[in-house]
Amino acid sequence: MIRIQKSSEIEDSFFGGRNFGSSIEVVRDVLNDVRANGDSAVRKYTAQFDVASPASLEIPHEELKAAADKLQKENPDLYHALCYSRDLAIRFAKKQRESFDDFEVELEPGLFTGQKNIAVDRAGVYVPAGRFALVSTMVMTVAPAVAAGVKEIILCTPPRVHPSEKDEAQKQGLGVPGKAYAGGKPYADENIMAAAYICGVTKAFACGGSQAIGALAFGTESIPAVDVIVGPGNKFVAEAKKLVYGTVGIDMIAGPTEVFIIADKSANAQWVAADLLAQAEHDVVAQPVLAVTDEELARSVSEEIERQLETLSTAAVARQSIDTYGRIIVCKDYEEAAEIANRKAPEHLELAMEAGDQRDAVEKLVHNYGSLFIGHGAAEVFGDYAAGLNHTLPTSGSARFTGGLSVRVFLKTVTTLRTDSSREGPAASAKAAGVLGDAEGLAGHARAARFRIGE
């Protein structure tokens with residue numbers, strides 16, 4: 001059962017980042033091997049960790065199209081939901097793109113400074129396919145890249161046994177974790193392939209885990225090196241992204257998912273419980289948190305969680321998350337609830353509150369979160385799937401200093417300088433630069449500036 005505690009009982013560790021062990025040595029070895037040996041290293045680790053190790057890594061584009069056509073025919077609801085989600089995500093990301101202005105301004109007479117926002121040439125997206133094949137992650141990683149104007153979008157996702165080879169794999173007792181079916185055709189989860197085609201991936205590779213991150217960062221004979229890598233994954237993928245940062249850009253280091261809900265007496269206990277469980281079912285270490293001022297609401301939500309767990313197909317995972325990391329915090333007032341939320345800096349923050357002055361006040365007070373969901377109708381799961389927002393968000397307190405995946409990750413903001421030497425601004429800048437160069441002992445700097453004005 002979820003823990004109910006008073007705000008005065010919150011331990012300091014609640015506000016710190018959550019560490020679930022390091023895999024740095026294993027991952028470093030994998031990355032070094034991939035850098036040195038390319039495709040052969042990728043195949044070695046794929047055979048070790050995945051259910052299939054194909055002879056070639058690139059999934060033919062016609063396989064992606066066939067998967068999309070099959071999905072449209074056999075599961076039109078999912079096909080249209082993906083298209084709807086993609087369209088909203090691209091519209092939102094394009095609006096974000098519009099907010100990054102290119103400009104040139106004359107700061108002083110004849111001294112023109114400017115800014116340009118330039119898309120990276122090639123982006124790598126990683127879409128996991130472990131316990132859940134996260135088709136929505138395809139939308140969230142590819143849409144902002146498309147909106148940014150990235151020329152090439154390269155997908156890596158864990159391999160699967162090709163349908164035409166499943167019988168042979170079963171005969172040999174292969175195609176299961178630890179016993180990869182080797183030498184077959186490159187293939188992946190069909191829904192992920194369909195989503196890749198729907199969203200506009202340029203090339204797709206049947207390659208997962210930390211070896212995929214290494215391949216995207218360093219390039220192999222088959223997989224091109226990219227400029228930035230985005231997308232979630234397990235702790236090995238997260239560690240790999242951390243280690244390759246600098247060689248490539250990354251979106252963030254994502255940890256276990258989390259939600260923090262501030263609810264008032266008008267909140268629907270059934271809805272609040274469902275939102276907490278929606279996060280809990282992700283992972284046994286997911287963290288669902290509710291802050292209330294009313295103990296009766298706390299008890300109602302706790303009881304509703306227990307009722308819903310009885311019929312939830314993912315109850316085994318959700319139960320562990322709720323019991324181990326979930327909690328309901330009873331606060332003295334909403335200002336305290338907002339203060340706790342700001343210290344926690346959650347990935348998702350919901351204000352399950354009635355519209356009015358109180359909710360408006362709390363909305364103004366909170367400022368550390370990945371995404372904010374305002375009001376009873378703004379379910380966090382809408383943001384996960386189909387509201388335009390990106391669901392790749394900062395976790396473990398990193399919302400204190402960064403936002404989520406957006407079009408910004410795929411853009412370089414660069415600056416420009418242009419001068420008109422017939423005006424006084426460049427001469428004034430040269431004089432100041434010469435003085436500063438002298439002060440720092442950089443005579444070459446000072447000389448380069450003074451030459452411009454004949455000194």
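**Helices, cores and ring contacts: the reasoning**

User: What do the buried residues of H4 pack against?

Analyst: In this predicted model, the buried residues of H4 pack against H3, H5, H7 and H15. Those buried residues are Tyr79, Leu82, Cys83, Ser85, Arg86, Leu88, Ala89, Ile90 and Ala93.

User: How do you know that the length of H4 agrees with its number of residues?

Analyst: H4 has 24 residues, and at 1.5 Å a residue it should span 34 Å. The expected span is 1.5 Å times one less than the number of residues. The end C-alpha atoms of H4 are 35 Å apart, which agrees with that expectation.

User: How does H5 come out on the same test, and what follows it?

Analyst: H5 covers residues 135–148, and its 14 residues should span 20 Å. Its end C-alpha atoms are 21 Å apart, so the two values agree. Gly149 comes after H5 and has a positive phi, near 95°.

User: What makes H5 largely enclosed by the rest of the structure?

Analyst: The count of buried residues does: 13 of the 14 residues of H5 are buried, so the helix is largely enclosed. H5 also gives the largest nonpolar core its largest share, eight residues.

User: What is in that largest nonpolar core?

Analyst: The core has 47 residues, and those with the most contacts inside it are Met138, Val150, Leu155 and Phe410. The elements that each supply at least two of its residues include H3, H4, H5 and H7, along with strands E6, E7, E9 and E10. Setting aside neighbours within four places in sequence, Leu155 is in contact with Val125, Val127, Met138, Ala196, Val201, Lys203, Ala204 and Phe205. A second, separate core of 26 residues includes Leu31, Ala41, Ala217 and Ile223.

User: Why is the pair Phe14 and Phe15 called edge-to-face?

Analyst: The count comes to two aromatic pairs. For Phe14 and Phe15 the centres are 5.1 Å apart and the planes are at 75°. Centres within 6.5 Å make a pair and planes over 60 degrees apart make it edge-to-face, so the label applies. Both Phe14 and Phe15 are buried. Lys344 lies over the face of Phe14, at 4.4 Å from the ring centre.

User: Why is the pair Tyr45 and Phe49 called stacked?

Analyst: Tyr45 and Phe49 are 6.4 Å apart centre to centre, with 10° between the planes. Planes under 30 degrees apart count as stacked, and the centres need to lie within 6.5 Å, so both conditions hold. Tyr45 and Phe49 are four residues apart in helix H2 (residues 39–49), and therefore separated by about one helical turn.

User: Are Tyr45 and Phe49 buried or exposed?

Analyst: Tyr45 has a relative accessible area of 10% and is buried. Phe49 has 43% and is partly exposed. The cut-offs are under 20% for buried and over 50% for exposed, so a value in between is partly exposed.

User: What makes Arg35 sit over the ring of Phe218?

Analyst: The charged end of Arg35 is 4.1 Å from the centre of the Phe218 ring. The distance limit is 6 Å, with a further condition on the angle to the ring normal. Arg35 is listed as sitting over the ring of Phe218.

User: Why is Pro54 called buried, and what does it touch?

Analyst: Its relative accessibility is 3%, so Pro54 counts as buried. Pro54 lies in the loop between strand E2 (52–53) and strand E3 (58–59). Beyond four places in sequence, Pro54 touches Arg43, Pro159, Gly183, Gly184, Lys185, Pro186 and Ala206. Pro54 and His162 are 108 residues apart in sequence and 9.1 Å apart in space, C-alpha to C-alpha.

User: Which residue other than glycine has a positive phi near 50°, and where does it lie?

Analyst: Ala345 has that phi, and it lies in the loop between helix H13 (334–344) and strand E15 (348–352). Ala345 is buried, with a relative accessible area of 0%.

User: What about Ser396 and Ser398, in the loop between H15 and E17?

Analyst: Ser396 is not a glycine but has a positive phi of about 55°. With a relative accessible area of 27%, Ser396 is partly exposed. Ser398 is at 12% and therefore counts as buried. The side chain of Ser398 reaches the backbone oxygen of Thr395 at 2.7 Å, and the limit for a polar contact is 3.5 Å.

Key
Residues are numbered from 1 along each chain as its sequence is written. This is a predicted model: local features need pLDDT of at least 70, side-chain atom pairs count only at pLDDT 80 or more; totals for chains, interfaces and linings use all residues. Side-chain values use heavy atoms; hydrogens and water are left out. Buried means under 20% relative accessible area, exposed over 50%, partly exposed in between (1.4 Å probe, protein chains only). A polar contact is a pair of N or O atoms within 3.5 Å; within protein, one must be able to donate a hydrogen and the other to accept it, and residues adjacent in sequence count only if both atoms are side-chain atoms. Contact means heavy atoms within 4.5 Å. Rings of Phe, Tyr and Trp (its six-membered ring) pair if their centres lie within 6.5 Å; planes under 30 degrees apart count as stacked, over 60 as edge-to-face and the rest as tilted. A charge sits over a ring if NZ of Lys or CZ of Arg is within 6 Å of the ring centre and within 35 degrees of the ring normal. A nonpolar core is a set of buried Ala, Val, Leu, Ile, Met, Phe, Trp, Tyr and Cys residues joined through side-chain atoms within 4.5 Å.
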